[in-house]
Amino acid sequence: MPYFARINDQNIVTFVERVVGIADVDAEGEAFLRALYGTTDRFRFCKYDGTVRKQYPSEGFSFDEAADVFVAPRPYPSWMLDDNFDWQAPVPYPQDGKKYVWDEATLGWVEFQTGGSLP
């Protein structure tokens with residue numbers, strides 16, 4: 001079943017809608033949804049399994065028109081977008097088998113403590 005993301009004039013996804021009876025085609029879905037909602041916003045086809053346009057979007061995702069992909073919101077101000085449109089921390093995640101959470105105040109990974117508080 002096709003899903004379509006509504007994209008406003010700032011390239012932000014405002015919602016995702018499942019549409020019955022529309023092919024998996026941007027033009028057909030966009031024409032139908034524009035008429036339904038009386039808007040000039042754009043609508044782009046997406047798949048729940050993330051196989052189209054990098055990933056399945058949610059409200060707040062952005063749409064990169066040039067790359068034709070949905071981009072998740074930046075998780076922290078210090079993180080940068082890589083060439084695959086994934087957010088990367090300025091410090092790699094430790095590979096020692098422990099669980100960590102990002103601490104923006106120290107710009108580093110802090111070991112997750114069960115029952116403890118998050119940074």
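Student: Which residues does Ser-78 touch, not counting those up to four places away in sequence?
Tutor: Ser-78 touches Pro-90, Trp-102, Glu-104 and Leu-107. Keep in mind that this is a predicted model.

Student: Is there a polar contact for the side chain of Ser-78, and what is its partner and distance?
Tutor: The partner is the side chain of Glu-104. The polar contact spans 2.8 Å.

Student: Where is Ser-78 in the fold?
Tutor: In a loop. Strand E5 (69-71) comes before that loop and strand E6 (80-81) follows it.

Student: Buried or exposed?
Tutor: Ser-78 counts as buried, because its relative accessibility is 18% and the cut-off for buried is under 20%.

Student: Switching to backbone. What is phi at Asn-11?
Tutor: Near 65 degrees. That is a positive value, and Asn-11 is not a glycine.

Student: Where does Asn-11 lie?
Tutor: Asn-11 sits in the loop that links strand E1 (3-7) to strand E2 (13-18). Its relative accessible area is 26%, so Asn-11 is partly exposed.

Student: What about phi of Lys-54?
Tutor: Positive, at about 75 degrees. Lys-54 is not a glycine either.

Student: Which strands flank the loop with Lys-54?
Tutor: Strand E3 (42-46) and strand E4 (62-64).

Student: And how accessible is Lys-54?
Tutor: Its relative accessibility is 33%, so Lys-54 counts as partly exposed.

Student: Zooming out. How many helices and strands are in the protein?
Tutor: One helix and nine strands.

Student: Where does the helix come in the order of elements?
Tutor: After two strands, counting from the N terminus. The order reads β-β-α-β-β-β-β-β-β-β.

Student: What is the radius of gyration?
Tutor: 18 Å. A compact globule of 119 residues would be near 14 Å.

Student: What box do the C-alpha atoms fill?
Tutor: Roughly 50 × 25 × 25 Å along the principal axes.

Student: How much of the protein is buried?
Tutor: Buried residues are 32% of the 119.

Student: And what share of contacts joins residues at least 24 apart?
Tutor: That share is 32%, among contacts between residues at least 6 apart in sequence.

Student: What about the surface: how much area is exposed?
Tutor: About 7400 Å². Carbon and sulfur atoms supply 52% of that area.

Student: Last one, charges. How many positive and negative?
Tutor: There are 11 positive and 19 negative charges. The mean positions of the two sets are 3 Å apart.

Key:
Residues are numbered from 1 along each chain as its sequence is written. This is a predicted model: local features need pLDDT of at least 70, side-chain atom pairs count only at pLDDT 80 or more; totals for chains, interfaces and linings use all residues. Side-chain values use heavy atoms; hydrogens and water are left out. Helices (H or I, at least four residues) and strands (E, at least two) are DSSP runs, numbered from the N terminus. The radius of gyration is taken over C-alpha atoms; the globule rule is 2.2 Å times the number of residues to the power 0.38. Buried means under 20% relative accessible area, exposed over 50%, partly exposed in between (1.4 Å probe, protein chains only). Contact means heavy atoms within 4.5 Å. Accessible areas come from the Shrake-Rupley method with a 1.4 Å probe; for residues, only the protein chains shown count as cover. Lys and Arg count as positive and Asp and Glu as negative; His and the chain ends are not counted. The place of a charge is taken as NZ of Lys, CZ of Arg, CG of Asp or CD of Glu. A polar contact is a pair of N or O atoms within 3.5 Å; within protein, one must be able to donate a hydrogen and the other to accept it, and residues adjacent in sequence count only if both atoms are side-chain atoms.
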